[in-house]
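Please open the structure in a viewer and keep a selection panel at hand. The tour moves from one helix to the whole fold and then to single residues.

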Amino acid sequence: GRLRIIGQALEQDAGAAAELLRRLDVGGSSELRVALVEALPRTRGPWHEQALERMAAEQDATVRRMWVAIMARADPAVAVRGMALGLADNDAAVRTEAALVAGSLPAAAVRAGGFPMLLGDRLKDSAAEVRAGAARSLGILGFAEMFDQIGPLLSDADANVRLQALRALGR
């Protein structure tokens, strides 16, 4: 299984987030850094703003993907900025995660951040899973103004992209 950091102290100690962030600064294996990042949202301490800086500096795509994944539990304004970083990533798995997580954010925060256009740009991504994720999230968020850009995906070469486009247009 995957390494996971658990325990009551993690959730009850106000200094746990700072300690996890300090450990991330020390480094370690990719597996350890993923576990440290994954544990952050379960703490009571502040981590949202620090996440963006660390996410941008992270070299390992697996760790960047986890940074994007935990943005679903961040302050919405910070999460939208994190999704923008994720959508611009050079790794398709990170872009896919960002496209999918975007659908779990409050629509008002996503709209305020100018994010519908960023997601719309990903409808033309070279990776099918990114196109599918972007279509899915645009549909979930109900951004009808983007549906004209989703329509062409109904004839995409990838079956999942076509399915997600159809679902988005049907919402």
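How far apart are the end C-alpha atoms of helix α6 (residues 76-87), and what span should its 12 residues have? Select α6: its end C-alpha atoms lie 16 Å apart, which agrees with the 16 Å that 12 residues should span at 1.5 Å a residue. The expected span is 1.5 Å times one less than the number of residues in the helix. Helices (H or I, at least four residues) and strands (E, at least two) are DSSP runs, numbered from the N terminus.

Before going further, note that this is a predicted model, in which local features need pLDDT of at least 70, side-chain atom pairs count only at pLDDT 80 or more, and totals for chains, interfaces and linings use all residues. Residues are numbered from 1 along each chain as its sequence is written, and side-chain values use heavy atoms, with hydrogens and water left out.

**Stop 1: the surroundings of α6**

Within α6, colour V78, A79, V80, G82, M83, G86 and L87, which are buried. Buried means under 20% relative accessible area, exposed over 50%, and partly exposed in between (1.4 Å probe, protein chains only). Next, display α4 (48-57), α5 (61-70), α7 (92-102), α8 (107-112) and α9 (115-122), against which the buried residues of α6 pack. An α-helix has 3.6 residues a turn, so residues three or four places apart point the same way.

**Stop 2: V68, on α5**

Select V68 in helix α5. V68 counts as buried because its relative accessibility is 0%. Leaving aside neighbours within four places in sequence, V68 is in contact (heavy atoms within 4.5 Å) with M55, M83, G86, V94, E97, A98 and V101. A distance drawn from V68 to G82 should read 6.4 Å between C-alpha atoms, although 14 residues separate the two along the chain.

**Stop 3: the whole protein**

Zoom out to the complete chain. The secondary structure comes to 12 helices and zero strands. The radius of gyration is 17 Å, close to the 16 Å that the globule rule gives for 171 residues, so the protein is as compact as a globular protein of that length. This radius is taken over C-alpha atoms, and the globule rule is 2.2 Å times the number of residues to the power 0.38. Along the principal axes, the C-alpha atoms fill a box of roughly 50 × 30 × 25 Å.

Of the 171 residues, 47% count as buried. Among contacts between residues at least 6 apart in sequence, 65% join residues at least 24 apart.

**Stop 4: W47, between α3 and α4**

Select W47, in the loop between α3 (30-39) and α4. Is this residue, W47, buried or exposed? W47 is buried, with a relative accessible area of 2%. Apart from neighbours within four places in sequence, the contacts of W47 are A17, L21, L40, P41, I70, M71, R73 and A74. By comparison, E31 is 16 residues from W47 along the chain, and their C-alpha atoms are separated by 20 Å.

**Stop 5: Q59, between α4 and α5**

Move to Q59, in the loop between α4 and α5. Q59 counts as exposed because its relative accessibility is 72%. Add S30 to the selection: Q59 and S30 are 29 residues apart in sequence and 9.9 Å apart in space, C-alpha to C-alpha.

**Stop 6: two residues of α12**

Finish at helix α12 (residues 159-170), where Q164 is found. Q164 counts as buried at 9% relative accessibility. Leaving aside neighbours within four places in sequence, Q164 is in contact with A132, A135 and R136.

L163 is also found in α12. At 35% relative accessibility, L163 counts as partly exposed. Add A14 to the view: L163 and A14 are 149 residues apart in sequence, and their C-alpha atoms are 44 Å apart in space.
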